[in-house]
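Reader: I'd love to go through this one with you, residue by residue. Please put the sequence and the structure up, and then I'll start asking.

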Amino acid sequence: MLRVLRAFDREGLDYVLIGAAAMGFHGVVRATEDLDLFIRATAENVERLKRAFRAAYANDPNIDGIRAGDLLGDYPAVRYYPPSGDLYFDVMTRLGEAANFETVAQENKEVEGICVRVATPAALYRLKKGTVRPLDRQDAEALRRRFDLQEE
Amino acid sequence: MTVERFRTIEEMAAAPVIVPPGEGFERFARQCARYWRIAPRVYPRGVFRFRALAEAQSARERVTDENVARMRATPAR
């Protein structure tokens, strides 16, 4: 996980973590199988993402299957299962009509010298409270209680 | 706080794990590693694209179902 975050940092990827990893940075801890992230929706940024994945996963040829045309077009969500087999990535350029890299409030965190962009607790709460998965609603409630957020 | 009391399972499930400031990511990574050892997963390889979040969630559930079936088929030691 750190190897990938370091590669994101080195490539200057415009991204923000939005899932359980982001919650972990805020001290609300649960296990997960994936890293969820929004990236800025530009072709250049998709190329940065691919370079970072290639650096982290020994030029896995599957990375060529990540296409700017998809992420900027009809497929705003791409899932990448790397060869390490231990976690996977849900990369998104938008979620519904309103949520995307630009609209999610973010802050910087640091781990082992790596700068990581993380959605704020309030932003995570807003993303999670309206979704259908019970796990997300549970996350939203945990965030609300931990950070004394107001119900919207 | 070493002991917390809850009136319902729902209340307990929603209670955040309190982690000292700055330790969140490390605890998160350890928790994921523990989870992996308890329930090792097999994932497909490669890139999959989705038009909507619901599609992505359905695909995730199919992979989870396959993993659960595989684990149940594995005899306990």
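Reader: Let's begin with helix α2 of chain B: which residues on its other side are exposed?
Author: Helices here are DSSP runs of H or I with at least four residues, strands are runs of E with at least two, and both are numbered from the N terminus. A residue is exposed if 12 or fewer other C-beta atoms, placed from the backbone, lie within 10 Å of its own, buried if there are 20 or more, and partly exposed in between. On that side of α2(B), the exposed ones are Arg34(B), Arg37(B) and Ile38(B).

Reader: Before we go further, what pLDDT do local features need?
Author: Residues are numbered from 1 along each chain as its sequence is written, while chains are lettered from A and ligands numbered from 1 in the order in which they are written. This is a predicted model: totals for chains, interfaces and linings use all residues, side-chain atom pairs count only at pLDDT 80 or more, and local features need a pLDDT of at least 70.

Reader: Thanks! Within what arc do the buried residues of α2(B) fall?
Author: The buried residues are Gly24(B), Phe25(B), Phe28(B) and Cys32(B). They line one face of the helix, because down its axis the arc, taken over the directions from the axis to the C-beta atoms, is within 90°.

Reader: What do those buried residues pack against?
Author: The partners belong to chain A. Contact is counted here between residues whose C-beta atoms, placed from the backbone, lie within 7 Å. By that count, the buried residues of α2(B) pack against two elements of chain A, α2 (20-25) and β7 (106-111).

Reader: How many residues of chain B touch chain A, and which element of chain B gives the most?
Author: The contact takes 36 residues from chain A and 28 residues from chain B. On the side of chain B, the elements giving two or more residues are α1 (9-14), α2, β1 (46-50) and α3. The biggest share, nine residues, comes from α2(B).

Reader: How many residues on that side of chain B are nonpolar?
Author: Ala, Val, Leu, Ile, Met, Phe, Trp, Tyr, Cys and Pro count as nonpolar, Asp, Glu, Lys and Arg as charged, and the others, Gly among them, as polar. On the side of chain B that touches chain A, five residues are charged, four are polar and the nonpolar ones number 19.

Reader: Is α3 of chain B enclosed or in the open?
Author: Helix α3(B) covers residues 53-73, and its 21 residues reach 30 Å from first C-alpha to last. That is close to the expected span, 1.5 Å times one less than the number of residues, which comes to 30 Å. The number of its residues that are buried is one, so α3(B) lies largely in the open.

Reader: Which residue of β1(B) stands opposite Ala77(A)?
Author: Strands count as paired if DSSP finds at least two bridges between them. Strand β3(A), residues 77-81, joins β1(B) through five bridges and runs antiparallel to it. Opposite Ala77(A) in β1(B) stands Phe50(B).

Reader: Inside chain A, which residue of β4(A) stands opposite Leu37(A)?
Author: Leu37(A) sits in a strand, β2(A) (residues 34-39), that is largely enclosed by the rest of the structure, because five of its six residues are buried. β2(A) is joined antiparallel to β1(A) (residues 15-17) over three bridges, and it pairs in the parallel sense with β4(A) (residues 88-92) over five bridges. Opposite Leu37(A) in β4(A) is Val91(A).

Reader: Which members of the largest nonpolar core touch the most other members?
Author: Such a core is a set of buried Ala, Val, Leu, Ile, Met, Phe, Trp, Tyr and Cys residues joined through C-beta atoms within 7 Å. Leaving aside residues up to four places away in sequence, Leu17(A) touches eight residues in the list that includes Leu35(A), Leu37(A), Val116(A) and Val118(A). Of the 51 residues in the core, those touching the most other members are Val16(A), Leu17(A) and Ile18(A).

Reader: One more: which residue of chain B does Arg30(A) touch?
Author: Arg30(A) lies in the loop between α2 and β2 of chain A. It is partly exposed, with 18 other C-beta atoms within 10 Å. Besides Ala20(A) and Met23(A), and not counting residues up to four places away in sequence, Arg30(A) touches Gln31(B).
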